[in-house]
Amino acid sequence: MSDASTCGYGQCSYLRLEDESRKVHVSFVMGKARVTLKKTVSIPRLELAAATISVNIGDLLKNELEYEDIKDYYWTDSKVVLGFISNESRRFYTFVANRVQLIHEHTTPSQWHYVETALNTADEGSRGRSPKDFVEKSEWIKGPDFLKEPVESWLKEETYEDHVDADSPEVKDFRVNASAVKENSDILKRLQRFSSWHKVKVAIALCLRYKKKLRGKVLAKKKAPSDRVSEER
């Protein structure tokens, strides 16, 4: 589970085991939290940073724990982050794009799920707690109760692509790139009229020579009036 706030961001991991009698045991394995930078960073970016920490911790635990066929489930209370991860129709700027790429390299969108903020135990790591509250009220070590229920009861098929709006500051605008692609396409169509690469080079060379000749005439015309004025003086 991962979470972020203006104070900090982080994650907590739990191991869920089911014995032969189908009794479920949930235990805290590892947690990690960081303080946010003084530099202003948007909450969606912090939530995404927390999600990447979850991925890194997940890989670490799979390598360290001596269990075969561990199934990983990732949880966040940010539907925007789930939109970043599941979105295939939009492209993002560097900060989001790099972290989404890392998440895709180690997980699949189907492994990511939404959890209500009230049930997200990572919230304690992102916002912090006093020692007294941590001892008396913390759910961090215990873990959320729903993990003890059957897997089918807490896994829901949902789509989150619509939670990333086209006007989001993280989404790249491809209108300029589209015009560039059209321009390149027009050039390719013109080049296809030639029967060989040699003829293409010859045609380009002639165009460049003609361009140079025209430029020379323009410069000559600009220079001529000033020369006559100087002679009259």
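This passage walks through a strand hairpin, a buried helix face, a loop residue and a surface patch in a predicted model.

A good place to start is the hairpin formed by strand 2 and strand 3, which has five residues between the two strands. Strand 2 covers residues 8-18 and strand 3 covers residues 24-35; the two run antiparallel and are joined by eleven bridges. Gly 8 has Val 35 of strand 3 opposite it. In the turn, Arg 22 shows a positive phi of about 65°.

Further along the chain comes helix 2, residues 79-86, whose buried residues are Val 81, Leu 82, Gly 83, Phe 84 and Ile 85. These buried residues pack against helix 1 (43-64) and helix 3 (94-106), and also against strand 4 (74-76) and strand 5 (112-114).

The loop between strand 5 and helix 4 (123-127) holds Leu 119. This leucine counts as partly exposed because its relative accessibility is 43%, a value between the 20% and 50% limits. Leaving aside residues up to four places away in sequence, Leu 119 touches Met 1, Pro 144 and Phe 146. Its C-alpha atom is separated by 8.3 Å from that of Asp 145, although the two residues are 26 apart along the chain.

At the surface, Ile 187, Leu 188, Leu 191, Phe 194, Ile 204 and Leu 208 make a nonpolar patch of about 520 Å². Helix 7 (175-191) and helix 8 (197-232) are the elements that give two or more residues to this patch, and helix 7 gives the most, with three. Ile 204 belongs to helix 8 and is partly exposed, its relative accessible area being 44%.

Terms used:
Residues are numbered from 1 along each chain as its sequence is written. This is a predicted model: local features need pLDDT of at least 70, side-chain atom pairs count only at pLDDT 80 or more; totals for chains, interfaces and linings use all residues. Side-chain values use heavy atoms; hydrogens and water are left out. Two strands pair if DSSP finds at least two bridges between them. Helices (H or I, at least four residues) and strands (E, at least two) are DSSP runs, numbered from the N terminus. Buried means under 20% relative accessible area, exposed over 50%, partly exposed in between (1.4 Å probe, protein chains only). Contact means heavy atoms within 4.5 Å. Patches are made of residues with over 30% relative accessible area and no salt bridge: like charges are joined within 9 Å, nonpolar side chains (Val, Leu, Ile, Met, Phe, Trp, Tyr) within 5 Å. Accessible areas come from the Shrake-Rupley method with a 1.4 Å probe; for residues, only the protein chains shown count as cover. A salt bridge is a side-chain nitrogen of Lys or Arg within 4 Å of a carboxyl oxygen of Asp or Glu.
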